[in-house]
Amino acid sequence: TSNCWGYGEDDGPFFWHKGYPIAQGNRQSPINIVTSETVYDSSLSPLIVSYEHCTSISISNNGCSVAVEYADTEQGPVIEGGPLSDAYRLKQFHFHWGHKDYHGSEHTVDGKTYASELHLVHWNTSKYQTFREAAAASDGLAVLGVFLEAGEEHQGLLKITDALNMVKFKGRTADLKEFNPKCLLPKNLKYWTYPGSLTTPPLHESVIWIVFEEPIEVAKKQMEKFRMLLFSQEEEDEKFMENNFRPPQPLKGRQVCASYN
Ligand SMILES: CN(C)c1nnc([C@H](N)S(N)(=O)=O)s1
Ligand SMILES: [Zn+2]
C-alpha cells in the first residue's frame, strides 16, 4: 500500500490531519491512561478469548508495521465479553516500536512509555458483513493492546521475530501458518477500556480499545530484530522501520474504565 503518510518529519502524525481531518476528532487514539482517573466498572465481565482455531496465513511488511493476517472464516479466533456486546473476529495483529527500548508504545500509562505495543485487531461479525464495513462503524472494531518491555526472551514471540528477516523490505510477505497469538497475551488479563480510533490513517473512530495493564517481557535481541525491518522497498534508500508510533491524543472528556478495582 503506497501510503502518502508515514512517521517521518514531513509525513508523520502531526501532518496526518491534512489528509485525514478526523485526526483532530473527539475519540482519537492512542491516549495517555491516567490510572488515578480510571473508573472501576463492576459491570465489565471477564474478557473471553477464543483463539483455539487459529488459521494464520502470512506475515507481511506493509510499509508501516509488520502484520500477521488471519483467514476470514466463521470458526476463526474471536473475542467477546468484557465491554463487548457482540463477538469480534481476529483479522490481524501487528506491532509499534521505537528506536530504543525506552519508548515505542502508542498508549502510555501515567506518562510511562514501553518498548513496543502489540495490537490484535478484531471486527464485529455479529453486526457487519466485512471488515471494511465494520471499520467505518462506531462499534465495528475491537483492538487488544499489549505492552512489550525488555526482559526475558519470549518463547512464543520467537516464531515471529525469527520470521522478520524474511519480510525485511516493504511489500514482502512470507507464509506463517497456525500461529496462535494467545501466547502473546499477559498472564493477568486486567484491562482498561475506552472508545477510540485506529492509530494510523484512515484513523476511523470505530475502535473499542482494550489495553492490558500487565506488559509481556521480550528479549532486547528480539526487540532489535523489529528495528532491522525497513519502511523502504528493496531498490530504495534504506530507511529502518522504527518509531512507528502515534503519540497520545487529547482525551476530550472520555472516561477510561478499569476491569478491576
Ligand atoms: C485495516 N487494518 C487491519 C488496520 N488498519 N489500521 C490499523 C492500525 N495499524 S491500528 N494501530 O490497529 O489502529 S490496523
Ligand atoms: Zn496498531
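The following questions and answers examine how features of this predicted model are classified.

Q: What confidence does the predictor assign to the protein and to the complex?
A: The protein has an average pLDDT of 96, and 99% of the residues score at least 70. For the complex, the predictor gives an ipTM of 0.96 and a pTM of 0.98.

Q: What makes His94, His96 and His119 ligands of the zinc ion (ligand 2)?
A: A nitrogen atom counts as a donor to this metal if it lies within 2.8 Å. The atoms concerned are NE2 of His94, NE2 of His96 and ND1 of His119, at 2.0 to 2.1 Å from the zinc ion. These three histidines therefore coordinate the zinc ion.

Q: Why is the arrangement around the zinc ion (ligand 2) called tetrahedral?
A: Four donors count as tetrahedral if all angles lie between 85 and 135 degrees. The four donor atoms here subtend angles of 98 to 114°, so the arrangement is tetrahedral. For reference, the ideal angle for four tetrahedral donors is 109.5 degrees.

Q: What spacing do the donors of the zinc ion (ligand 2) follow along the chain?
A: The spacing is H-x1-H-x22-H. Histidine 94 belongs to strand E7 (residues 88-97) and histidine 119 to strand E9 (residues 116-124), so this pair ties together parts that are 25 residues apart in sequence. Histidine 94 and histidine 119 are both buried.

Q: Which residues are around ligand 1?
A: The residues around ligand 1 are Gln92, His94, His96, Glu106, His119, Val121, Phe131, Leu198, Thr199 and Thr200.

Q: How do you know that histidine 94, histidine 96 and threonine 199 make polar contacts with ligand 1?
A: A polar contact requires a pair of N or O atoms within 3.5 Å. A polar side-chain atom of histidine 94 is 3.2 Å from a nitrogen atom of ligand 1. For histidine 96, an N or O atom of the side chain is 3.2 Å from a nitrogen atom of the ligand. For threonine 199, the corresponding distance from a side-chain N or O atom to a nitrogen atom of ligand 1 is 2.7 Å. Ligand 1 exposes 370 Å² when taken alone, and the protein buries 82% of that.

Q: Why is cysteine 54 called buried?
A: Buried means under 20% relative accessible area. Cysteine 54 has 4%, and is therefore buried. Cysteine 54 lies in the loop between strand E3 (47-50) and strand E4 (56-61). Its C-alpha atom is separated by 6.3 Å from that of glycine 76, 22 residues apart along the chain.

Q: Why is glutamate 178 called exposed, whereas lysine 252 is called partly exposed?
A: The exposed class begins over 50% relative accessible area, and partly exposed residues fall between that limit and 20%. Glutamate 178 has 53%, so this residue is exposed. Lysine 252 has 44%, so this residue is partly exposed. Glutamate 178 is in the loop between strand E11 (173-175) and E12, while lysine 252 is in the loop between H4 and E15.

Q: What makes the phi angles of glutamate 178 and lysine 252 notable?
A: Most residues other than glycine have a negative phi. Glutamate 178 is not a glycine, yet its phi is positive, near 50°. Lysine 252, also not a glycine, has a positive phi of about 50°.

Q: Why do glutamine 255 and proline 248 count as partly exposed?
A: The relative accessibility of glutamine 255 is 49%, so this residue counts as partly exposed. Proline 248 has a relative accessible area of 37% and is therefore partly exposed. Glutamine 255 lies in the loop between helix H4 (220-226) and strand E15 (257-258), and proline 248 is placed in the loop between H4 and E15. From C-alpha to C-alpha, glutamine 255 is 38 Å from glycine 171, 84 residues apart along the chain. Proline 248 and leucine 176 are 32 Å apart by the C-alpha atoms and 72 residues apart in sequence.

Q: What are the omega values of the cis peptide bonds that lead to proline 30 and proline 202?
A: Most peptide bonds are trans. The bond joining serine 29 and proline 30 is cis, with omega about 0°. The bond from proline 201 to proline 202 is cis, with omega near 15°. Proline 30 lies in the loop between helix H1 (16-19) and strand E1 (32-33), and proline 202 in the loop between strand E12 (191-196) and strand E13 (207-212).

Notes:
Residues are numbered from 1 along each chain as its sequence is written. Chains are lettered from A and ligands numbered from 1 in the order in which they are written. This is a predicted model: local features need pLDDT of at least 70, side-chain atom pairs count only at pLDDT 80 or more; totals for chains, interfaces and linings use all residues. Side-chain values use heavy atoms; hydrogens and water are left out. Donors are N, O and S atoms within 2.8 Å of the metal (3.2 Å for Na, K and Ca); water is not among the atoms, so sites may look incomplete. Four donors count as tetrahedral if all angles lie between 85 and 135 degrees; four count as square planar and six as octahedral if opposite donors are over 155 degrees apart and all others between 65 and 115; anything else is irregular. Helices (H or I, at least four residues) and strands (E, at least two) are DSSP runs, numbered from the N terminus. Buried means under 20% relative accessible area, exposed over 50%, partly exposed in between (1.4 Å probe, protein chains only). pLDDT is the predictor's confidence in each residue, from 0 to 100. A residue is near a molecule or strand if one of its heavy atoms lies within 4 Å of it. A polar contact is a pair of N or O atoms within 3.5 Å; within protein, one must be able to donate a hydrogen and the other to accept it, and residues adjacent in sequence count only if both atoms are side-chain atoms. Accessible areas come from the Shrake-Rupley method with a 1.4 Å probe; for residues, only the protein chains shown count as cover.
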